[in-house]
Amino acid sequence: MNFRTCKECGKELLADDIAIHRKLIDRNAGEFFCMDCLAGKLCVTRDKIEALIEYYRKSGNCTLFV
Ligand SMILES: [Zn+2]
């Protein structure tokens, strides 16, 4: 369970990829997209996703980002 790949492109996922997918798509997701594919799905840039991750981490009140 500690190694997951993007369901779109097969890239290895980092904890942040999984956390932001859970935050933005589905809290209980069992399959995940990498940041690039997630950005594509949401029609935003990867920068936007990274900024969101940073925001949630700094806010400190989201249990998905530690
Ligand atoms: Zn991907």
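Modeller: The axes of α2 and α3 come within 8 Å and cross at roughly 110°. Bear in mind that this is a predicted model.

Colleague: Why is α2 called roughly perpendicular to α3?

Modeller: Set the angle against the range. Roughly perpendicular covers 65 to 115 degrees. The crossing is at roughly 110°. That value falls inside the range, so α2 is roughly perpendicular to α3.

Colleague: Which residues make this contact?

Modeller: From α2 come Met35, Asp36, Leu38 and Ala39. From α3 come Arg46, Lys48, Ile49 and Glu50. By class, the contact of α2 with α3 has four nonpolar residues, no polar ones and four charged ones.

Colleague: Ala39 is in that list. Is Ala39 buried, exposed or partly exposed, and how do you know that?

Modeller: Ala39 sits in helix α2. Count its neighbours: 18 other C-beta atoms lie within 10 Å. Buried needs 20 or more, and exposed needs 12 or fewer. The count of 18 falls in between, so Ala39 is partly exposed.

Colleague: What does Ala39 touch, leaving aside its neighbours within four places in sequence?

Modeller: Its contacts are Val44, Thr45, Arg46, Lys48 and Ile49. Take Ile49: it is ten residues from Ala39 along the chain, and their C-alpha atoms are separated by 6.6 Å.

Colleague: Now α1 and α2. What makes them roughly parallel?

Modeller: Helix α1 covers residues 15-24, and helix α2 covers residues 35-42. Their axes come within 10 Å and cross at roughly 20°. An angle under 35 degrees counts as roughly parallel, so α1 is roughly parallel to α2.

Colleague: Which residues of α1 and α2 make the contact?

Modeller: Asp17, Ile20, His21 and Leu24 of α1 meet Met35, Leu38 and Leu42 of α2. Sorted by class, five are nonpolar, one is polar and one is charged.

Colleague: What about α1 and α3: why is that pair called roughly perpendicular?

Modeller: Helix α3 spans residues 46-59. The axes of α1 and α3 come within 11 Å and cross at roughly 85°. The range for roughly perpendicular is 65 to 115 degrees, and therefore α1 and α3 fit the term.

Colleague: Which residues meet there?

Modeller: Asp16, Ile20 and Lys23 of α1 meet Ile49, Leu52, Ile53 and Tyr56 of α3. The contact of α1 with α3 has five nonpolar residues, no polar ones and two charged ones.

Colleague: Which residues of α1 are buried?

Modeller: Asp17, Ala19, Ile20 and His21. The buried residues of α1 pack against α2 and α3. Across the whole protein, 15% of the 66 residues count as buried.

Colleague: Where does Cys43 lie, and why does Cys43 get its exposure label?

Modeller: Cys43 lies in the loop between α2 and α3. Inside 10 Å, Cys43 has 7 C-beta neighbours. The cut-off for exposed is 12 or fewer, so Cys43 counts as exposed.

Colleague: What makes phi of Cys43 worth a remark?

Modeller: Phi of Cys43 is near 60°, a positive value in a residue other than glycine. Most residues other than glycine have a negative phi.

Colleague: Is Lys7 buried, exposed or partly exposed?

Modeller: Lys7 is found in the segment before α1. It has 15 other C-beta atoms within 10 Å. That is short of the 20 needed for buried and over the 12 allowed for exposed, so Lys7 is partly exposed.

Colleague: What does Lys7 touch, not counting residues up to four places away?

Modeller: Lys7 touches Glu31, Phe32 and Phe33. Also, Lys7 and Cys37 are 30 residues apart in sequence and 9.1 Å apart in space, C-alpha to C-alpha.

Colleague: Step back. How do you know that the radius of gyration agrees with a compact globule?

Modeller: For 66 residues, the globule rule gives a value near 11 Å. The protein has 11 Å, so the two agree. The C-alpha atoms fill a box of roughly 30 × 30 × 15 Å along the principal axes.

Colleague: How many helices and strands are there?

Modeller: Three helices and zero strands. From the N terminus on, the order is α-α-α.

Colleague: What is the confidence?

Modeller: The average pLDDT is 90, and 94% of the residues score at least 70. Confidence is lowest in α3, with a mean of 93, and highest in α2, at 96. Where pLDDT is low, the predicted coordinates should not be read in detail.

How values were computed: Residues are numbered from 1 along each chain as its sequence is written. This is a predicted model: local features need pLDDT of at least 70, side-chain atom pairs count only at pLDDT 80 or more; totals for chains, interfaces and linings use all residues. Axes are lines fitted to C-alpha atoms, for helices over the stretch in contact, and angles run from 0 to 180 degrees between N-to-C directions. Helices (H or I, at least four residues) and strands (E, at least two) are DSSP runs, numbered from the N terminus. Angles under 35 degrees count as roughly parallel, over 145 as roughly antiparallel, 65 to 115 as roughly perpendicular and the rest as oblique. Two residues are in contact if their C-beta atoms, placed from the backbone, lie within 7 Å. Ala, Val, Leu, Ile, Met, Phe, Trp, Tyr, Cys and Pro count as nonpolar, Asp, Glu, Lys and Arg as charged, and the others, Gly among them, as polar. pLDDT is the predictor's confidence in each residue, from 0 to 100. The radius of gyration is taken over C-alpha atoms; the globule rule is 2.2 Å times the number of residues to the power 0.38.
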